[in-house]
Amino acid sequence: MSDSAPETRRFDPGEVEPRWQEAWDTADVFHIEDDAEDPSYVLAMFPYPSGEMHMGHVRNYAITDAYAWYRRMQGDAVLHPMGWDSFGLPAENAANERDVDPREWTMDCIDRMKSQMELMGLGFDWDREVTTCEPEYFQWNQWLFLQCYEAGLVERQAAELNWCPDCETVLADENVNPHPDHANGICWRCDSPIDKRDLDQWFFTTTEYADELYDTLDEMDGWPENVREMQRNWIGKQEGASVGFDLTTGDSVDIFTTRLDTVYGATFFALSPGHEVAAEIAAENDAVAEYIERADREGEDLPQTSGVFTGEYAENPATGEQIPVYVADYVLEDIGTGALYAVPAHDDRDHAFAQTHDIDIRQVVEPAPEADREPGGIDTEEAAYTEDGLLVNSGEYDGLASAEARERFVADLDGEFRTAHSLRDWCISRQRYWGTPIPFVDCPDCGYVPVPDEELPVELPEFVQTTGNPLDAAEEWKQVTCPDCGGPAERETDTMDTFVDSSWYFLRFVSPDLPDAPFDTGRANNWMPVDQYVGGIEHATMHLIYSRFFTKVLDDIDLLDHREPFRNLLTQGMVRKGGEAMSSSTGNVVSPRPFVDSYGADTGRLFMLNAAQPEKDFDWTDEGAQSAHDFLQNVYGLAATYAEGEIDTGDGGVVDEYVAHETSAAAATATEQFEQFRFNHALQEVRDLVALLRRYADHTDPRPETFERGLETVTKLLAPVAPHTAEEVWHRLGNDDLIATAEWPSVDTPEGYDTARLLVENTREDVRDIIDVAGIEEPEQIEIGVAPDWKYYARRRARELDGNVVGQLMGDDRLRSRGEDAADYAKELAAAGHIDEQLRPEREGEVLRRASWLLEREFGADVTVYGPDEAPANLAAKATPGRPGIRIEE
RNA sequence: GCGAGGGUAGCCAAGCCAGGAAAAGGCGGCGGACUCAAGAUCCGCUCCCGUAGGGGUCCAUGCGUUCAAAUCGCAUCCCUCGCACCA
């Protein structure tokens with residue numbers, strides 16, 4: 001990387017980066033003390049340690065690290081931890097495929113991945129590293145699980161599991177392979193077709209929190225709308241009512257509906273094939289039994305309108321009518337109550353069913369007057385009318401609006417308002433080895449008994465290769481005595497879903513080594529919630545709902561004083577290549593390690609943050625990476641050249657003030673952008689400032705103080721994104737401390753800066769236009785004249801006036817004395833409609849004078865700037881506030 | 001079907017919430033400076049017309065509100081994502 005040409009100074013990231021990583025390590029700059037007060041908690045979703053970091057990881061951590069650096073330089077204490085979501089399937093697969101122990105394999109992967117993170121120079125507080133597969137961590141999964149059990153938030157419920165009849169074992173979903181002839185799949189070991197069996201499993205009763213999980217989303221404005229919407233869909237809140245129907249079987253069947261207003265239109269009743277009353281009827285009715293069996297068979301898709309009449313009737317509680325009862329496959333067992341009354345006139349599916357089975361269609365709602373359809377314009381024989389409206393054919397309820405009718409019917413039919421959710425309780429039982437053992441003992445006499453706290457953790461037995469769950473095969477481990485009665489009993493052999501591990505890890509970071517509790521409650525109350533969470537959209541529902549659930553539970557069992565874990569959430573976009581997702585299976589990848597070897601970690605980080613806003617997908621391009629690399633070398637080169645005294649210094653003249661202003665403005669703008677995670681915009685400011693400093697040195701002998709402040713500002717603004725390079729540059733500039741501990745530049749935007757910048761830009765453009773349009777070859781002299789004072793005065797007055805602007809302005813003595821000129825300008829102002837605020841005349845002169853060097857430099861001409869009332873008459877005549885007069889001579 | 005987010009110059013992309021300049025920035029393309037040359041760096045141009053800063057057209061499409069619309073409202077078309085036999 002070193003270049004022999006003395007004027008092109010370059011640095012070698014391969015040498016520089018490890019050096020600064022060591023320096024950070026020695027100075028412990030990323031460590032946060034336990035007694036820190038309310039630090040900024042910046043968190044990246046912790047990874048599954050696959051052993052190989054990919055660019056998606058790099059992007060994730062580049063974002064959190066940049067923000068953590070920024071906050072730290074702003075003077076905040078920052079918690080930026082990292083850990084390993086290290087239980088899970090791949091370790092077990094690896095163990096089965098190549099005869100290794102899941103634990104060793106996992107630990108090896110963690111080592112490899114950690115060294116890659118270190119290679120990237122990511123500023124994590126490694127003293128707080130957390131590894132979920134260690135007993136020191138997962139014992140708290142067990143403990144928290146038992147706390148939840150105590151609090152009544154854990155239940156055993158039936159769930160459908162995969163059963164291999166040959167291996168006589170339960171299989172996890174991942175161990176069932178799909179097969180064309182067997183809808184349930186086949187066993188991964190013995191290829192036998194799999195059966196489904198209902199077995200009791202462990203559940204967290206997440207449904208008890210469904211309402212809160214749903215309702216709070218509205219207030220979570222630090223989260224992206226799409227994630228909140230996904231959670232709303234996932235929770236699936238439905239406001240409705242339930243009413244009981246009496247059947248001729250003697251059963252009373254509960255239905256759930258959101259459209260109780262249509263109850264008069266019910267012309268049949270339908271049960272799902274899985275409904276218990278359907279099963280009862282089937283016991284004595286072969287046709288029903290056969291239909292249920294067909295519906296139950298996997299792989300057989302019954303038509304939407306299929307169903308069978310049971311011979312039974314249900315009494316409509318509103319009308320007292322007897323309506324026929326069907327078993328129909330379109331009624332789903334797990335939606336509502338699995339039973340419904342059907343209103344063909346006002347529901348599409350009911351309508352289709354009624355047509356097929358020749359059932360009456362009875363309209364009971366017509367479009368309301370405000371609807372865009374006439375009451376007579378609908379024909380419910382043709383199609384269901386599914387909107388709300390006004391009731392008809394509903395006896396005494398006729399004329400009521402749908403919403404009102406629903407309330408009346410709930411009251412009159414002895415029903416109840418009910419909120420249904422599609423969110424299910426969380427089944428955490430997994431028939432796998434590599435997870436947290438569920439701390440229960442199954443006693444033939446006492447049933448399931450929790451393992452006492454003092455016997456935690458329940459550790460994993462040694463791994464063995466087996467057809468089913470290795471824990472089941474660990475006979476010695478399995479046999480225990482019952483904690484209650486002392487008799488022989490067996491351990492629970494299921495392990496927990498790994499989402500349990502990740503539902504509270506952000507709390508363990510607060511006190512990672514605490515021996516007697518999952519986390520330090522006092523500190524967690526102070527440090528939580530996570531201020532900024534960054535990760536992939538794939539976790540929008542499961543992980544992010546489970547974490548929210550856990551946080552609420554922890555509050556309710558008095559372990560925490562927060563109800564939401566993550567104040568701000570950012571879901572980062574994908575890194576693509578050639579328009580497609582990077583994927584190792586297609587070889588469409590850029591691997592971090594070889595990239596770092598040739599360009600350095602900073603180049604990768606800079607490129608990623610520069611290419612797009614964090615939440616957007618972007619394409620990895622070699623040109624983009626190269627341009628990021630060039631920029632870092634450019635910054636280094638400029639600083640090194642200056643540091644070695646090869647840039648002559650002086651007083652900078654009029655340019656100096658310009659550069660000083662631009663430096664302050666760049667710092668202010670970049671800071672605003674960092675606050676909003678707009679790294680690409682912040683970096684634009686840095687690039688502009690570097691270019692300006694180069695121009696400064698090129699045009700004149702810069703004043704050292706200003707030039708150095710410029711360079712230091714560049715370095716500081718760059719530090720969060722390219723920290724190694726920033727340290728190296730900082731050091732070359734003669735600083736002995738680390739930039740990691742340096743202070744963020746102060747941000748006082750010069751007053752009226754935007755207006756001034758615009759004035760300069762516009763004026764330069766005007767000059768270019770004139771030279772271009774007038775075909776001037778070699779401009780010798782450029783004169784710029786600020787408008788006379790009275791025009792500013794007129795303009796200021798005009799801003800405040802309404803009505804007859806010209807008249808009022810010309811009524812002013814000061815302006816009337818200017819005669820025709822003033823009248824013309826007044827007319828112009830009156831026509832303008834809107835009048836911008838402009839700088840005061842003296843300021844305008846100053847600003848232009850300060851920027852005149854840019855024109856001198858660009859055109860090689862002498863530039864003269866006249867202040868207000870200094871300009872020759874013909875120049876001043878053309879000038880207006882914000883638009884100086886320009887004259888160019890060849 | 002329901003919901004969310006989008007459609008901006010050759011391409012990528014800002015601006016839209018808080019209406020006020022043909023619309024930032026990057027890439028690509030074109031021209032110039034420096035250089036033996038390359039690279040790096042610097043200065044421009046890149047909707048149309050224009051020999052003094054002018055004019056025209058323009059932000060998916062069409063209406064509308066306003067002195068003024070990429071920005072606000074309504075309608076239409078298209079894209080992406082999530083959910084969906086949800087009673």
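Which residues come nearest to RNA strand B? In this predicted model, 44 residues surround the strand, and Thr 257, Thr 258, Gln 304, Arg 349 and Leu 758 come nearest. Sugar and phosphate make up 53% of the strand's atoms that come within 4 Å of the protein.

Three polar contacts show how different parts of the strand are met. Start with the sugar or linking oxygens: one of them lies 3.0 Å from a polar side-chain atom of Thr 257. Next comes phosphate. An N or O atom in the side chain of Lys 616 is 2.7 Å from a phosphate oxygen of RNA strand B. Then come the bases. Here the protein uses its backbone: a polar backbone atom of Pro 884 is 2.8 Å from a base nitrogen.

Several elements build the surface near the strand. At least two residues each come from α7 (225-235), β11 (252-257), α21 (679-699), α24 (753-773), α29 (841-859) and β33 (885-889). Of these, α24 gives the most, with 7 residues. The make-up of this surface is mixed: 15 residues are nonpolar, 14 are polar and 15 are charged.

Now turn to the interior. In soluble globular proteins, nonpolar side chains tend to be buried together. Here the largest nonpolar core has 197 residues. Phe 145, Phe 204 and Trp 620 have the most contacts inside it. Helix α2 (residues 55-73) gives the largest share of this core, 11 residues. A second core is separate and has 40 residues, including Val 288, Val 327, Tyr 397 and Leu 400.

Look closely at Phe 145. Leaving aside neighbours within four places in sequence, Phe 145 is in contact with Val 154, Trp 202, Phe 204, Ile 428, Ile 438, Pro 439, Phe 440 and Met 496. Phe 145 also belongs to an aromatic cluster. Its other members are Tyr 149, Trp 202, Phe 204, Tyr 209, Trp 426, Phe 440, Tyr 448, Phe 499, Tyr 546, Phe 549 and Phe 550.

Aromatic rings meet elsewhere too. The structure holds 60 aromatic pairs. One of them joins Trp 24 and Trp 69, edge-to-face, with 5.5 Å centre to centre and 70 degrees between the planes. This pair links distant parts of the chain: Trp 24 is in helix α1 (residues 13-27), Trp 69 is in helix α2, and 45 residues separate them. Both Trp 24 and Trp 69 are buried. Another pair, Tyr 642 with Phe 707, is tilted: 5.0 Å centre to centre, 40 degrees between the planes. Tyr 642 sits in helix α19 (residues 622-643) and Phe 707 in helix α22 (residues 704-718), 65 residues apart. Tyr 642 is buried, and Phe 707 is buried as well.

Stay with helix α19 for a moment. Thr 641 is found there. Is Thr 641 buried or exposed? Thr 641 counts as buried because its relative accessible area is 17%, and the cut-off for buried is under 20%. Beyond its neighbours within four places in sequence, Thr 641 is in contact with Arg 9, Glu 646 and Ile 647.

A second threonine makes a useful companion. Thr 551 has its place in helix α16 (residues 542-556). Its relative accessible area is 1%, so Thr 551 is buried. Apart from neighbours within four places in sequence, the contacts of Thr 551 are Phe 506, Leu 560, His 562, Arg 563, Glu 564 and Pro 565.

Why is helix α23 (residues 723-732) described as largely enclosed by the rest of the structure? Because 8 of its 10 residues are buried. Those residues are Pro 723, His 724, Thr 725, Ala 726, Glu 727, Glu 728, Val 729 and Trp 730. They pack against α1, α2, α18 (601-611), α19 and α22. After α23 comes Gly 734, whose phi is positive, near 95 degrees.

End on a loop. Glu 462 lies between β22 (447-450) and α12 (470-473). Glu 462 counts as exposed because its relative accessibility is 69%, and exposed means over 50%. In sequence, Glu 462 and Asp 101 are 361 residues apart. In space, their C-alpha atoms are 8.6 Å apart.

Terms used: Residues numbered from 1 in each chain as written. Chains lettered and ligands numbered in written order. Predicted model: local features only at pLDDT ≥ 70, side-chain atom pairs only at ≥ 80, totals over all residues. Heavy atoms only, no water. Near = heavy atom within 4 Å. Polar contact = N/O pair within 3.5 Å; in protein donor to acceptor, adjacent residues only side chain to side chain. Helix = DSSP H or I, 4+ residues; strand = E, 2+ residues; numbered from the N terminus. Nonpolar A, V, L, I, M, F, W, Y, C, P; charged D, E, K, R; others polar. Core = buried A, V, L, I, M, F, W, Y, C linked by side-chain atoms within 4.5 Å. Buried < 20%, exposed > 50% of the residue type's maximum accessible area, 1.4 Å probe, protein only. Contact = heavy atoms within 4.5 Å. Phe/Tyr/Trp six-rings, centres within 6.5 Å; stacked < 30°, edge-to-face > 60°.
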